Amino acid sequence: MESLSLPQARPMVNRREMAMTDEIKSGDAAEAGREHIWLPYTQMNTAASPLRAVRTEGCVIELADGRRLIDGVASWWTACHGYNHPDIRAAVERQLAAMPHVMFGGLVHEPALALASRLAAMLPGDLERVFFTDSGSVAVEVAMKMAIQYRLNRGELGRTKLLAFRGGYHGDTLAAMSVCDPEEGMHALFAGALPQQVMADLPTTPERAAALDALLARHAPELAAIIVEPLVQGAGGMRFHDVATLRTLRDLADRHGLLLILDEIFTGFGRTGTMFACEQAGIVPDIVTLSKALTGGTMALAATVARRHVFEAFLSDDPAKALMHGPTFMANPLACAAANASLDLFAREPRLAQVARIEAQLREELEPCRGRPGIADVRVMGAIGVVQLDPAPNLDRLKAALVAEGVWVRPFRDVLYLTPALTIGAEDLGRLTGALRRVIERNAL
């Protein structure tokens with residue numbers, strides 16, 4: 001039979017797109033894109049023009065105009081080994097050649113299986129079941145869903161709320177927003193649209209512990225879990241608390257029959273001085289969330305890890321009792337390869353010793369800020385250095401002054417902080433702390 005030859009359809013011509021293409025070809029594509037991006041946490045009507053990064057290396061961000069900035073925040077705390085580490089890059093390149101992605105529904109692959117096994121071995125106790133996602137906020141959403149469905153699967157109806165803490169931050173998606181600080185956080189605008197949770201003060205004193213105990217006694221029948229950031233409330237204000245507070249929370253959760261969720265998205269992977277902050281308190285959460293430094297800042301990846309008894313509540317002949325969640329890019333092989341390479345670096349190189357060195361240098365070099373006008377507090381934990389400002393500064397002016405000093409530091413609200421790569425050298429760290437001291441001395445706040 002003679003094959004039929006169909007005429008090729010002529011492409012539709014969009015003259016506006018053609019004009020835009022010509023404009024981009026004749027000009028700077030990146031500059032043209034400024035008219036179309038929507039930046040995070042930014043009032044686009046009044047925002048200063050963002051700086052354009054073109055490459056990174058170690059602890060340095062290079063801009064399109066040739067300036068080189070020492071990065072003091074490790075790209076929102078992710079680049080724990082510095083940028084462009086050759087081992088992570090090589091692992092991603094190998095995986096890219098073999099299999100960039102495959103769905104995780106009905107299929108598994110070696111990078112994810114190896115990573116899940118390694119995380120289970122590293123985490124304390126029987127935290128052994130790993131559910132992969134692709135962002136910290138979604139990891140928190142999954143943890144909340146796990147805690148609530150854990151109750152439902154056990155026939156404990158009505159226990160659909162969580163207890164969270166003032167000053168906390170757990171992400172920007174809707175459910176995660178509901179367990180952030182309701183007053184001081186960035187999500188107050190959405191208060192009427194969010195699930196209603198139970199809020200409390202961290203039990204940092206005996207009086208607060210007693211108050212929390214009484215609050216839990218009243219609300220336990222409607223609560224599924226407690227969620228908290230261990231040792232440091234990060235984006236809520238870089239507020240520190242001690243190991244006794246975590247032990248109190250573990251005791252109260254057990255007393256009132258609640259799951260304890262630790263959000264280690266910021267604190268995990270060495271940032272506070274141990275691989276996981278909960279190790280310092282000697283406690284085991286029922287669920288833990290991980291992200292940020294999981295891949296060394298190379299790829300988007302997150303994990304929600306549950307203890308054995310939580311996982312077992314989902315085992316049933318009833319399909320409805322399965323955990324009904326599945327991100328499209330769950331367990332992306334490239335990201336898992338990057339994470340495995342990152343864990344290799346933690347195993348092979350002295351990251352925790354480097355954190356101890358960073359902590360000592362931060363303490364010494366930020367201490368002169370204490371007592372100066374406009375400074376409310378100076379505090380350091382692990383590779384986190386914080387200068388608390390009072391009153392809150394003009395952030396745009398402060399950011400510009402820091403860039404002029406040759407550093408990339410992103411203060412927020414009343415907090416000027418450093419969370420550098422764990423591999424940063426003493427000289428570069430000194431440039432960061434020196435820049436902070438100079439802008440404070442010049443009253444560039």
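Which side chains meet in a salt bridge at 2.6 Å, N to O? They are those of aspartate 126 and arginine 307, where a salt bridge is taken to be a side-chain nitrogen of Lys or Arg within 4 Å of a carboxyl oxygen of Asp or Glu.

Before I go on, a word on the basis of this talk. What you have in front of you is a predicted model, in which local features need pLDDT of at least 70 and side-chain atom pairs count only at pLDDT 80 or more, while totals for chains, interfaces and linings use all residues. Residues are numbered from 1 along each chain as its sequence is written, and side-chain values use heavy atoms, with hydrogens and water left out.

Let me return to that opening pair. Aspartate 126 sits in the loop between helix H5 (110–122) and strand E4 (127–133), and arginine 307 belongs to strand E12 (residues 302–307), so that the pair links distant parts of the chain, 181 residues apart. The helices I name are DSSP runs of H or I with at least four residues, the strands are runs of E with at least two, and the numbering starts from the N terminus. Aspartate 126 has a relative accessible area of 17% and is buried; with a 1.4 Å probe and protein chains only, buried means under 20% relative accessible area, exposed means over 50%, and partly exposed is in between. Both residues also belong to a network of salt bridges that links Asp126, Arg250, Asp254, Asp286 and Arg307. Over the whole structure, a search finds 23 salt bridges.

I turn now to helix packing. Two packed helices are described by the angle between their axes and the distance between the axes. The axes here are lines fitted to C-alpha atoms, for helices over the stretch in contact, and the angles run from 0 to 180 degrees between N-to-C directions.

Take H4 (residues 86–98) and H12 (residues 333–348), whose axes come within 8 Å and cross at roughly 150°. The two are therefore roughly antiparallel to each other, given that angles over 145 degrees count as roughly antiparallel, under 35 as roughly parallel, 65 to 115 as roughly perpendicular and the rest as oblique. Residues of H4, including Ile88, Ala91 and Val92, meet residues of H12, among them Leu334, Ala337 and Ala338, contact being heavy atoms within 4.5 Å. The residues of this contact of H4 with H12 divide into 10 nonpolar, 2 polar and 2 charged, where Ala, Val, Leu, Ile, Met, Phe, Trp, Tyr, Cys and Pro count as nonpolar, Asp, Glu, Lys and Arg as charged, and the others, Gly among them, as polar.

A salt bridge joins these two helices as well, with the side chains of arginine 348 and aspartate 87 meeting at 2.3 Å, N to O. Arginine 348 lies in H12 and aspartate 87 in H4, so the pair ties together parts that are 261 residues apart in sequence. Aspartate 87 counts as partly exposed, at 31% relative accessibility.

A second helix pair is H13 (residues 351–366) and H15, which pack at an angle of about 30° with their axes 10 Å apart. H13 and H15 are therefore roughly parallel to each other. Among the residues that meet are Ile358, Leu362 and Glu365 in H13, and Leu429, Thr433 and Arg437 in H15. The contact of H13 with H15 is made up of 6 nonpolar, 3 polar and 3 charged residues.

Just after H15 there is one more salt bridge to point out, in which glutamate 405 pairs with arginine 442, the closest N and O atoms being 2.8 Å apart. Glutamate 405 is in the loop between helix H14 (395–404) and strand E15 (407–408), while arginine 442 is in the segment after helix H15 (426–441), 37 residues apart. At 18% relative accessibility glutamate 405 counts as buried, whereas arginine 442, at 48%, is partly exposed.

Finally, some backbone details. Most residues other than glycine have a negative phi, and most peptide bonds are trans. In this model, however, a cis peptide bond joins aspartate 390 and proline 391, with omega about 5°, and proline 391 lies in the loop between strand E14 (384–389) and H14. Leucine 231 has a positive phi of about 75°; the residue is found in the loop between strand E7 (223–228) and strand E8 (232–233), and is buried at 2% relative accessible area. Lysine 292 also has a positive phi, near 45°, and is partly exposed, with a relative accessible area of 26%.
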